[in-house]
Amino acid sequence: MDERNLSAEDFQAHRAHLRGVAYRMLGSLSEAEDAVQEAWLHLSRADTRDVANPRGWLTTVVARVCLDFLRTRKSRREEPEDEQGADPFTPRTDGSTPEQEALMADSVGVALLVVLDALNPPERIAFVLHDLFSMSFDEIAPIVGRNAAATRQLASRARRRVHGAALSPDADLSRQHEVVSAFLAASRGGDLDALLAVLDPDVVVRTDMKLPPGAPREVHGARNVANQARLHAARARVSQIALIDGQVGVVVAPRGRLHSVLLFTVVEGRIRALETVFDPAALGQLGVSVFPT
C-alpha cells in the first residue's frame, strides 16, 4: 500500500465522478459543486494513508455531505426557487448557466431528478448510491445510519417511487409516447410543420398559470397552439416525458426543480387537448414516475 495522504491530483482524478454523484443526490449543479468542494476540505484535513480505495472513500465523503445538505435544505420546500409564472431560465449568480444545468439534467434525466426530489434524504442517498453507482448496502448503511437490511428497504421504497407501479406492456401508452415525443422534439426545434402534424386541428390548450387580466386561459386551433409551442423552446429543452398519474405527460424542470407539467389527451394519433399545470399545490398531488424503457 502507498502510505501517503491522498493528494490534490488524486482528488482531481475523481472529481467528475464525485460531481456526478452529488448532482444526482442534490439535483443542483451549484450545490453539487459546493458538495465536492466540501469533500476536498474533508480530504485536506483527514489522515488518508490507510485508504485503499480512494474513489470509494471520496464517494462516501460526498454522500455524507449531500445527506447533510438535503436534511438542512428547508428553504427548498418553504421558498420555491422560481415564482409561479416567472422565467426560470435566467443565469444564476453562482456562475452556472441555464445551458450548463440543462446539459447536466439531460445527462441524468429530468424526470428522474423530479422523482428523486420527492424522496426523503435517506431514501434518495440509498437509491442513488446503490441503483445508480452500484455501492453495496453494507457500504451505504453507515452513511444513512441504518443497518444493511433497513438500507435495502430504503432503496426499495425509493425504487417503487421512481418507477411507479409495475406496468405491463401497454400499446396505448406506447402510441401516446410516440406522439408526445414528436411534439416535444418539434417544440425544441421550433419546427412548425412537425408541430402541426401531431396536433389535432381543433386542439385546445388550457393553463392554470397566473396571467395578466384579460389574458385567455385557453388557446384553440393547431396553428395557434403550434406558434405558442415554438415560443417555449427553452422550456422544452429542460422537459422530459414521464408517467403522470399513469398517463404520458411531460415534466418541466429547469435546474432539476419541478416547474410545471403538461398533460395530454391523444386521440387517433394526434393531440386533442393539452393542459399545463403550474400551481404548486396541484403539482404536489400528481404522481410522477420515470417512463419505463
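The buried residues of helix 1 are where I will start: Asp 10, Phe 11, His 14, His 17, Leu 18, Gly 20, Val 21, Ala 22, Tyr 23, Arg 24, Met 25 and Leu 26. This is a predicted model, so everything I say is about the prediction. Helix 1 is also bent, with a kink of about 50° centred on Arg 15. After the helix comes Gly 27, which has a positive phi, near 70°.

Now the aromatic contacts. How many aromatic pairs does a search of the whole structure find? It finds two. For anyone who has not looked at these before, the distance of the centres and the angle of the planes are what describe a pair of aromatic rings.

One pair is Phe 11 with Trp 40, where the ring centres are 5.3 Å apart and the planes make an angle of 55°, so this pair is classed as tilted. The cut-off matters here, because edge-to-face needs planes over 60 degrees apart. Phe 11 sits in helix 1, residues 8–26, and Trp 40 in helix 2, residues 29–45, so the contact ties together parts that are 29 residues apart in sequence. Are the two partners buried or exposed? Phe 11 is buried, at a relative accessible area of 2%. Trp 40 has 26% relative accessibility and counts as partly exposed.

The other pair is Phe 183 and Phe 264. Their ring centres are 5.6 Å apart and their planes stand at 75°, so this pair is edge-to-face. Phe 183 belongs to helix 10, residues 171–189, and Phe 264 to strand 5, residues 260–267, so here the pair ties together parts 81 residues apart in sequence. Both Phe 183 and Phe 264 are buried.

Strand 5 takes us to the strands. Strand 5 pairs with strand 4 in the antiparallel sense, through four bridges. Within that pairing, Val 251 is opposite Val 261 of strand 5. Strand 4 is mostly covered, with five of its six residues buried.

On to strand 3. Strand 3 and strand 4 run antiparallel and are joined by six bridges. Ala 242 stands opposite Gly 249 of strand 4. The two strands form a hairpin, with two residues between them. Which residue in that turn has a positive phi? That is Asp 245, at about 50°. Asp 245 lies in the loop between strand 3, residues 239–244, and strand 4, residues 247–252. As background, most residues other than glycine have a negative phi. Asp 245 is not a glycine, and its phi is positive all the same.

There is another case of this kind. Glu 268, again a residue other than glycine, has a positive phi near 50°. Glu 268 is in the loop between strand 5 and strand 6. Its relative accessibility is 79%, so Glu 268 counts as exposed.

Past strand 6 there is one more loop residue to mention. Phe 278 lies between strand 6, residues 270–277, and helix 14, residues 280–284. Phe 278 is buried, with a relative accessible area of 5%. Phe 278 and Val 252 are 26 residues apart in sequence, and their C-alpha atoms are 9.8 Å apart in space.

Strand 6 also pairs with strand 1, in the parallel sense, over five bridges. Strand 1 in turn is joined to strand 2 by three bridges, and those two run antiparallel. Where do the bridge partners of Val 204 lie? One is Ala 273 in strand 6, and another is His 220 in strand 2.

Last, the second largest pocket. The space in it comes to about 440 Å³. Its lining has 24 residues, and those nearest the centre are Val 205, Gln 228, His 232, Arg 235 and Thr 276. Several elements each supply at least two residues of that lining, among them helix 10, strand 1, strand 4 and strand 6. Strand 2, helix 12, helix 13 also meet that count. By residue type, the lining divides into 15 nonpolar, six polar and three charged.

To go back over the connections: helix 10 carries Phe 183 of the edge-to-face pair, and helix 10 also supplies residues to the pocket lining. Strand 4 is joined by bridges to strand 3 and to strand 5, and strand 4 contributes to that lining as well. That is the end of what I have.

Key
Residues numbered from 1 in each chain as written. Predicted model: local features only at pLDDT ≥ 70, side-chain atom pairs only at ≥ 80, totals over all residues. Heavy atoms only, no water. Phe/Tyr/Trp six-rings, centres within 6.5 Å; stacked < 30°, edge-to-face > 60°. Buried < 20%, exposed > 50% of the residue type's maximum accessible area, 1.4 Å probe, protein only. Pairing = 2+ DSSP bridges. Bend = angle between axes of the 7 residues up to and from the residue. 1 Å grid on protein atoms, 1.4 Å probe; cavity = no way out; pocket = protein on both sides within 12 Å on 5 of 7 lines; lining within 4 Å. Points joined across faces, edges and corners; volume = space filled by probe spheres on them. Nonpolar A, V, L, I, M, F, W, Y, C, P; charged D, E, K, R; others polar.
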